[in-house]
Each structure stands twice: as structure tokens, then as C-alpha cells.
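The report below describes selected local features of one protein model. Please read it with the sequence and the coordinates at hand.

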Amino acid sequence: MKVNDVVTYEVEGPIAVITVNSPPVNALSNAVRQGVADAVQTAIGDSAVGAMVLICDGRTFFAGAEISELGKPQVEPSLRNLQLIVENATKPVIAAMHGTALGGGLELALVAHYRIAVPSAKMGLPEIKLGLLPGAGGTQRLPRVIGIAKALDLILSGDPVSATSAKAMGLIDELATEGNLRADALTLACRVLEEKRPLLKVRDRADKLDEARGKPEIFAEIRQANAKKFRGYKAPENIVRAVEATLELPFDQGMVRERELFNELEKDSQSAAQRHVFFAERLAAKVSGIPSDTAALPIKKVGVIGAGTMGGGIAMNFANAGIPVTIVETSQEALERGLRIIRGNYETTAKKGKMKPEDVDTRMGLLTGSVAMGDLADCDLIIEAVFENLDVKREVFARLDRIAKPGAILATNTSYLDIDDIAAATQRPESVVGLHFFSPANVMKLLEVVRTKDTKPEITVTAMKLAKTIGKIGVLVGNGFGFVGNRILAARNTQADRLVLEGATPWAVDKVLYDFGFAMGHFQMRDLVGLDVGWNREATSSANVREILNEMGRHGQKTKGGYYDYDENRKQTPSPVAMQVIEDFAVEQGIARRAVSDEEIHDRILFAMVNEGARILDEGIASRASDIDIVWVTGYGWPKYRGGPMFWADLQGLPVVLEKLKTLEAAHGEAFKPSPLIERLVAQGKGFKDA
């Protein structure tokens, strides 16, 4: 019998089977909640029914709340009220899980009287990733089932656990046979009836809580262990406080406390920012301006030119995805060194238990080294990762053009250079694309896919699909100096360098950025990457502080000195040497140093970045403001809880941003001249989200 468009009700022997089919992920939408509530009430009133099985069709059990309904007026039954209907049913309810039982889906399963899942199922409470906490009893029921410490681990990570692990920790009662969930769930339901098992309510369980009573150190240790990881985030502390309530308050009061802490987070800009990032990441994968039926080209073999840090990291991505790679270097020595480093990286991963030892040899077996560029002739995709010099790259592409097979994609990993110019060295500019990986390329999730004026649609589609294949977040950008990420970084560089010459210290600039939420400050990052990266050693021009530090042999952490001094454990202290270089250079440039406030540092750096982002958007280098946010959150450490530079600007209000830019322009010149886009949006009463 059809209950509504997404829920059906059938009776098999003494068991009512309530089946939900609401593609794609059976989210707990208004229709799903209403249908399940009606079906449960029908079963309770049906004298022929002794127990119920709640199961889903399609690829998964309930994979969480309907995110698009967050913040909108509540339609009854709410998830919490549906849970009361299930939990207080006078007949046993068995939740039967496959695919993923996430968020509200797992919280609904926790009010069933028994739980069964297939071994491949995964379950978890990922709300923390949206700046929220499980708001339908997850913080109150889960600790009662698996204990305080395990519950906190699960909720604070937001990561799912396998059904096998869930069974071991007591989260589910039985494992079904793979592919036989419905039959096994019916068998369990019949057994519950035959054995006259009680209606087990998680809310009434206390044994797991009793284990933690009188041990406040559990919470102190969790806070301490996660202090660095969760710095600046509000959700983790609210989660810990909600779980603490399981020991301090009776269940019903704990539920009230959970709701208070949830509401606090839902109204906060951090959750709005994290939800924005969630949707923006998915939106980034959608390619604008290309027919949706454009087919991707098959990539069965990849070539990488350069076995250095970047080339080696790029090659690892493809080997990890099971795609064979030929790596070409100019000398046997450089090639062997590169392959040795790759193997070392894999062995380190295996030692940490994140990879099976035998996988090291499997992945290394997919890598072939060569010193002959001709060995790339059969590759479907060739990525160049050589020195960041236009002439060098043009020469490489001219050679590739003669070697690569027809239809092969030729990609450059340039960070700043004009890809149209690089493509012009070939007879096939339509087959050239930018694949800008971020260092270390085997770790960093961002991949800027750069299409030129000539790049064919199928090449663009292939590159974006490939990003997903190798586990990257691909963002499509246009060709222009620095693309999106590095162009905004250049605007930040300019202000940071000016600020230290005008009177700020590098550590003052770094502290403002750290306090804003970046993992490290601007000059700390430079020291970590190496001041000599991109430095032309031949041109000893002493044109800026960074060049002078390089000429002094101060390349950053690796030489124990850059803007900071470093001890043997890489612990940093402000460097009087660097400070002297800055002060001397300021005198040479005729700059009178003055006191610079934290507020000035904050405004000059952040509003310069926003202004540059607006120009990028106006020029069409980025298709969407949210794409710029994803680039900066994923590739440059912009704090996720601030949503990216463009989201943050919208949060300030663009009229405020425009006013700030005008004030900064009057005080500090042309760099702050407001982007025409900002002026247009303010005049129209719109934000970047509308651009």
C-alpha cells in the first residue's frame, strides 16, 4: 500500500515493512517524515501486525536531514516528533540499514528498538562539518549506546564508521548478509516476537554512562587533544557540552540542553559559512558554458615531466587512482632521486597504518621512469611540472607537440604564467589546459583547472572529471596572471610587504592572520615554503626584503633563518636580523616607519583580497563567487568557518566593504580603488552571492 509518494506499507506475516524510496539519498524531508509517521501509526493500529521493519530502497538508508530545509519553518512531524512516534510505538521497530545512515538517519535508527545493517553499511553523525551538532538526540542517545569517549570521537570527527565497527561497539544489534537485508531484518523481527523481547529504548539505558561517572578528565582530555584542530570553531565545544549533559541531567532535560546548544550554532555565522562551503564545493564541479552531454576522453596512461617535489607529488595522485604514469627527467640521477622520494612517502604512509605495506609496491609498479621524452608518445595526458619560466615551458611544449599522439591532452602545472602563450608553442592549442596542483601535490585537495581561449570543451570536461578521479576538488578558472588563488595571494603579498616596511613587524602581521583563523601567518608560510622558491639567483638585484634575505642565505625554515630564526626543532622566534633588513630597506626606500595597528593590518590585507576577488569575478576568470571561496578554503587555509573571502565580504555587507575600500584608497592609494563590480552590486542592493 502506498502511504504517500515516497513511503510504502506492506504486511508480511506478523511484520509490517515500511519502505522509503526518496532518491537520491532518502533524506529526511517533510514528505519522508510524514509518510513514516503515518505508516508507523497504521502498524500500531493493525491487530495483524506484531512488529515493524523500517527500511529504505535505492542506494542508502536515510543519509541525513534535508539540508535545503535548514532554517526554514518547521513542518510537522519534526524529526524529533517522528522519533517520539517510533520510540513510543507499542510494537517493536527494527531499523534495517544499508549504504549510509548519517546524521538524522542514524538518530532515527537510534530510537528504533533494534538495529540491523549489512556489512558494507556506514554510519555516523557528520553535523560538525556543517558547524552544527546532532540536534535530534544524537548527543544524548549515542553515549548511552557506545559510551562517552567513543561517542565523542565519532561526533567530533564527523566521519562514518563501518557496520562491522558499529557492531563491535554495540551501535547495532546484528549484521545482515550482504544483499539480504530485508529477509534478515524480517527474520530478526520474527525472533524478537517469538522470544518476547522487550521494547528496548536507548533513552532508558544507563550502563555505558555509569562507566564514565566521576571521571571529568574524559572531557578535559578530549578538549586538550583537539584544541589545535578545532581552534576558532564553535561547534566542537557545544558538542562536548551537550555530551557532558548526559551525565549531569536526566534524559528529557538533556534533550532540552542539546536543542539550546544546537539553536546557538544554527543561528551563528559559522554554520552558515560551513554550509556555504558544503554547497559551494558541489557547485564547483558543475561546468558552465559547456553542453551537459559533452563526453570526457578516456585517460588510461599519464606522463609527467619532472620528478621534483611537484612532479613526484602529481605522479602519486595518478598511481593512487590506479593509473599508470611515465615520469621523465633530464638526468638519471634526478629521476632516481625523485622515485626514491616517492617510495619514501609511500613507506611513511604505510608505517602510519594508512596504507597496506603491499600497496607500496603496487603503486610503485605503476610508475615508470625515463630520461627520454619520446617515451611519452603513448600517453593520453601529459603534465609538465618544470621550472616556472615561460621560455623553458614553451620549449617543453614545442617538443611535446612533436612527440605526443594526436588527441593527447597537454597540461601545464604553471602557477602564474600565461597558458595561451605556452599553448602557442604548439600546433594544437585546443588540446592545452592548465592543471594547477598545490604543494604537496599528493596531499593538497585543490586543483585549479585552467581553460584557455582555445581549450576544447571535451578537454575541460575531462580535466574536471579527472580531478574527481584522483580525489581532488577541481575548480574551473580562466587564464590570467595567477588564475584565482595566486592572484589574490599576490594582493595579500603586496599589502603584507608594505605593512612591514611602513612599521608593522612580520610577527604582528602573522598574529592578525592567525587570530582571524589561518593556520599560520603570511611570513611563517613564506618561511615554511622557502623564500628561495621562485627566486632568480642570477638576478642579485636586492629589489625587496625577500631577495635580500635570500642573498644572505636566509631561505626560511630549511636554513634555520628567514623572517624568523629557527632552532633544531624548527621552533621559531622573531629574527632581529630580518628586522634590521626591513628597517634598513625602509630607510633606503625613503619610507618613514610608524606605529601600525592590528586593525589596519586586518583591513588592508583582507579587503585587498576581497577587492582582487571582485576583479577576478568581474573579468570572468572565476565563474562564481563561491568558486573563489572554494579555492581559498581548500588551497590556502582560509578558515572554513568564515566561508571564504567572498562569503566573508557578504557577511560584512558590501556597502561596508565599499566604504572601507574608499577609506583605504584615500590613505594608501590605488591598490584599494574599489572594483567596479562592488560598486555595481552595492548600487543594486546585491551581494557577491548574486553576481
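What follows takes up charge pairs, backbone geometry, an internal cavity and a surface patch in turn.

The model is a predicted one, and every value given here was computed from it.

**Salt bridges**

Side chains of opposite charge can pair when their charged atoms come close. A search of the whole structure finds 40 salt bridges, and three of these pairs are set out in the table.

| Pair | Closest N to O distance |
|---|---|
| E174 and R191 | 2.1 Å |
| R223 and E244 | 3.2 Å |
| D532 and K558 | 2.9 Å |

In the pair of E174 and R191, which is joined by a salt bridge, E174 belongs to strand β9 (residues 174–175) and R191 to helix α7, so the contact ties together parts that are 17 residues apart in sequence. E174 counts as partly exposed because its relative accessibility is 21%, and R191, at 25% relative accessibility, is likewise assigned as partly exposed.

The salt bridge between R223 and E244 links distant parts of the chain, with R223 in helix α9 (residues 217–226) and E244 in helix α10 (residues 235–248), 21 residues apart. Are these two residues buried or exposed, or partly exposed? R223 is partly exposed, with a relative accessible area of 29%, whereas E244 is buried, with a relative accessible area of 16%, a value under the 20% cut-off.

D532 and K558 also form a salt bridge; D532 sits in the loop between α21 and α22 and K558 in the loop between α22 and β18, so this pair ties together parts that are 26 residues apart in sequence. D532 counts as buried because its relative accessibility is 13%, while K558, at 48% relative accessibility, counts as partly exposed.

Beyond these pairs, R487, E612, R615 and E619 are linked in a network of salt bridges.

**Backbone geometry**

A cis peptide bond with an omega of about -5° joins E76 and P77, and P77 is placed in the loop between β3 (51–56) and α2 (79–87). Another cis peptide bond, with omega again given as about -5°, joins S439 and P440, where P440 lies in the loop between β15 (432–437) and β16 (446–451).

Although K196 is not a glycine, its phi is positive, at about 50°; K196 lies in the loop between α7 (181–194) and α8 (207–210) and is exposed, with a relative accessible area of 72%. K560, also not a glycine, has a positive phi of about 65° and is found in the loop between α22 (545–551) and β18 (564–566), where K560 counts as partly exposed at 47% relative accessibility.

**Cavity and surface patch**

Which residues line the largest cavity? The lining is made up of A284, K286, V287, S288, L476, S623, R624 and D627, and these residues divide into three nonpolar, two polar and three charged. The count comes to one cavity of 30 Å³ or more, and the space within the largest cavity is about 30 Å³.

On the surface, L528, V529 and V533 make a nonpolar patch of about 250 Å². L528 lies in helix α21 (residues 522–529) and is partly exposed, with a relative accessible area of 43%; this value is over the 30% that a residue needs to be part of such a patch, so L528 can be included in it.

Methods
Residues are numbered from 1 along each chain as its sequence is written. This is a predicted model: local features need pLDDT of at least 70, side-chain atom pairs count only at pLDDT 80 or more; totals for chains, interfaces and linings use all residues. Side-chain values use heavy atoms; hydrogens and water are left out. Patches are made of residues with over 30% relative accessible area and no salt bridge: like charges are joined within 9 Å, nonpolar side chains (Val, Leu, Ile, Met, Phe, Trp, Tyr) within 5 Å. Accessible areas come from the Shrake-Rupley method with a 1.4 Å probe; for residues, only the protein chains shown count as cover. A salt bridge is a side-chain nitrogen of Lys or Arg within 4 Å of a carboxyl oxygen of Asp or Glu. Helices (H or I, at least four residues) and strands (E, at least two) are DSSP runs, numbered from the N terminus. Buried means under 20% relative accessible area, exposed over 50%, partly exposed in between (1.4 Å probe, protein chains only). On a 1 Å grid over the protein atoms alone, a cavity is a set of points where a 1.4 Å probe fits but cannot get out, and a pocket is an open set with protein on both sides within 12 Å along at least five of seven lines; lining residues have an atom within 4 Å of a point. Grid points are joined across faces, edges and corners, and a volume is the space filled by probe spheres set on the points. Ala, Val, Leu, Ile, Met, Phe, Trp, Tyr, Cys and Pro count as nonpolar, Asp, Glu, Lys and Arg as charged, and the others, Gly among them, as polar.
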